[in-house]
Amino acid sequence: MTARHLTSAQHRRVEWKVLDRAMSRFSTDSLIVLLQAALVAPDSTPFHDHLMLLFTRVLRTAARGGIPADAADLPVLVEASVRAAPGRGVVTGRDPGDVRDRVRFTVAGEQLLVHPGQLAHPLLVLRTLKMTAAAVDEALHEVLGFGAEDVLELVLRLTDRSLAAFSEAWAKPRAAPDGEEGREVSCRVTPAEVRAAAAIACADPAELVQAARRPERAERAMQWLTCRMEDLPLRYHPDMPLLGPVLAVTAHGRRLPVPACAATEAAAPAVARLLPCLPPAGLEAAEARTQELTVARLAQLLGLEAVPAQPGPVCLLSSPSHRYDIAVVSAVADGALGARVEEGRAALSAADVPAGRGRLVVYGGPRFLGPELIHDTLFLHVEEVAEILHDADGDLAALALFVLELTEHPGVHGVFYRDALDAWSVWHRGGTLLTPGPDGDDVAVVPEVVRDEIWDRAAARVGVDEVLTAGGLPTAGDFRHARLSAPGVGVSGVYADLEDATSGGPVVVRAATVPPLVIVAVPSREPGAVLDAAGIAGLADSLRTTLTTIAPTAAHAALPGGAPLLVQVTVAHHAHPHPAGPDPDTTSSGLAGGSANGDGDAAMEKWLLLRAGADPAAGRIGIDHRPAAARRVQRRRQPGAPHPGPAPAPSDRAGSPRPRRRTGHRRRRVHRGLEHRIPGHVPDRHHPRVARHGPRLHSAAIPARARPGPAHRGRRRTARRRAGRHLARPRRLPPGRARRTAAARAGE
């Protein structure tokens, strides 16, 4: 028995009488509303092609009256569509992202909701188109009066308006089944979804133009993206969007928006249609700009500090520590990507790369390579490299090992995959793609991954992204490293550890969702600094733990309206002068280096170990720490100066006060008698020092009412003298100090 593949004509074959008979009793307006609701609903994604067939048929036929179609009539219409177009299959091979996850994308300075449509990786496509817009828009503005970013903004404003209207009608996402068995394939909507669709199904697309950042350019882009329904070819292909680069259609004497799923699918064809409009000089400038953006993006991901300012058509990079070499290329013009990738591969071959090193070609531009058979070089889009590093928590060694295995592919002639991210997912989850074995002529085939893991990671970061956006920061996907974690037992919310490298140096961000909290810490770049990247990260972790896990502090950190608390921690490079006329309460709290009674060292009074400020209206706290000043104050602190522990007590012996000991000897003495220096500590009376001397009490650590009066001090002194005459014995000096004292006396 042989498998029979359908031809393109059989794919497109439709029995229109079956469709018209099923829709004849319903009014046109009610059918538009019902089909808009079904095309946006999460449970109707497998029947996308059949629903688009119904939607376009309604718009192409004449308007008519009839009974209103409701949610219960949708299964009947879908069944008629399946019978009328048997060549259009039901999508079951891959689970698209769930629209109820409220995933957003940044464009024109706003976070807008995204519908995944039928794209395998919608967020990856949007990021690629955004980078392309940065390279080509300057030339397009001169030619067309609008650019690719204006098109991208209109697409996302349409999806944002639709999903915002449906969000209240959708139930929470259900847990995904563990396996393929038991998966339900259905097409249904609820009455609440139909009511929500009535508000946006026939809304004028001009409202999207008015909300755009540049309305005049958005108006030109909307006119360019509008088409009459009669002019659309509507040639069905399983891998191409049916409507093409269209956001609005003119039918029945009015302009109607396309469904949100069709808008997402229209973004890439619309940008591809714009690129041929570039003049030759503009295309050349766009090619060079795309190469610069690709190299800069890869340098940010890999943490490279030195990259060419103006890279050529092929930019070679090497990583001796991770044992792989990279060729960076890019292409904007249609049909140029394959040749550029081969140029990068040839450059690596000519570079005489030694055996045992991986070979990687990273490319940029608006297009992606299709299925590939890897022999000696791996090909990845720069945004695919970004997703690999996000999944690996920024581990560059994991990327290097993945590249090495695919380029060496021990035991097989090559590795075939349909999607490079599928190969990464299988390798990352299993630790390897190929089992050890003798070399052969076979080809290893990577299985397809069912779910879009990029969408799943973005959905897990939704709460964190909302906190970061409210705090004025980029989303977690824009950082170089982003790692999510659970806060711990008994604590709700999500923790996010974010790191990035900017022109001013590294930045460490710690975020939490309950309560909404963002800590931005900038480490010191001085050699040997205490608060370097690791030290400032530990400080930020401690602040986050304190503000989220302790109930009183968590309640205090929760601002009204769910606004996030922003804490900025920096390291001062100059001393903090004490403000003029210090408050006694401030001076005694230990922030200043002076003594509590005003008799401390004058050099210490000008140091502030910590300077903090707050902006209650903005919910911001600033902390500026000076660790070097803290070390100086600790070295210069005199007896009686305030500090977290009790101050050293003066000597009880008769005669001159006890001379100051060396630092090393004093540390050993403090270690032996540590239990006597802790306020509130009950000493052990069986300890030899306690039995001989009694517990030491320091007046600086005792409240004023509990301090002993003169009579009590006298009785205590008498009791000590009666307890042993050893207090009058001469004090034993350290060996070095004793030698210096003896030499001084001999000199006298």
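**Notebook: cavities in the predicted model**

I began with the enclosed empty spaces, and the count came to 6 cavities of 30 Å³ or more. I keep in mind throughout that this is a predicted model.

I then turned to the largest cavity, for which I noted a volume of about 100 Å³. Which residues lie nearest its centre? Among the 15 residues that line the largest cavity, I found H121, L421, S425, E453 and I454 nearest the centre.

Next I looked up which helices contribute to this lining, and I wrote down α14 (382-391), α16 (420-430) and α17 (453-460), each of which supplies at least two residues. The largest share of the lining comes from α16, which gives 4 residues.

I also sorted the lining of the largest cavity by residue class, and the tally reads 8 charged, 5 nonpolar and 2 polar residues.

To place the cavity in its setting, I went on to the protein chain as a whole, where I listed 26 helices and 19 strands. How much of the chain is buried? Taking buried as under 20% relative accessible area, I recorded 46% of the 748 residues of the protein chain.

For the contacts, I considered those in the protein chain with a separation of 6 or more, and noted that 68% of them are accounted for by residues 24 or more positions apart.

My last entry concerns the outside: the accessible surface of the protein chain comes to about 38100 Å², and carbon and sulfur atoms hold 55% of that area.

Note on methods
Residues numbered from 1 in each chain as written. Predicted model: local features only at pLDDT ≥ 70, side-chain atom pairs only at ≥ 80, totals over all residues. Heavy atoms only, no water. 1 Å grid on protein atoms, 1.4 Å probe; cavity = no way out; pocket = protein on both sides within 12 Å on 5 of 7 lines; lining within 4 Å. Points joined across faces, edges and corners; volume = space filled by probe spheres on them. Nonpolar A, V, L, I, M, F, W, Y, C, P; charged D, E, K, R; others polar. Buried < 20%, exposed > 50% of the residue type's maximum accessible area, 1.4 Å probe, protein only. Contact = heavy atoms within 4.5 Å. Areas by Shrake-Rupley, 256 points an atom, 1.4 Å probe, with all protein chains shown as cover.
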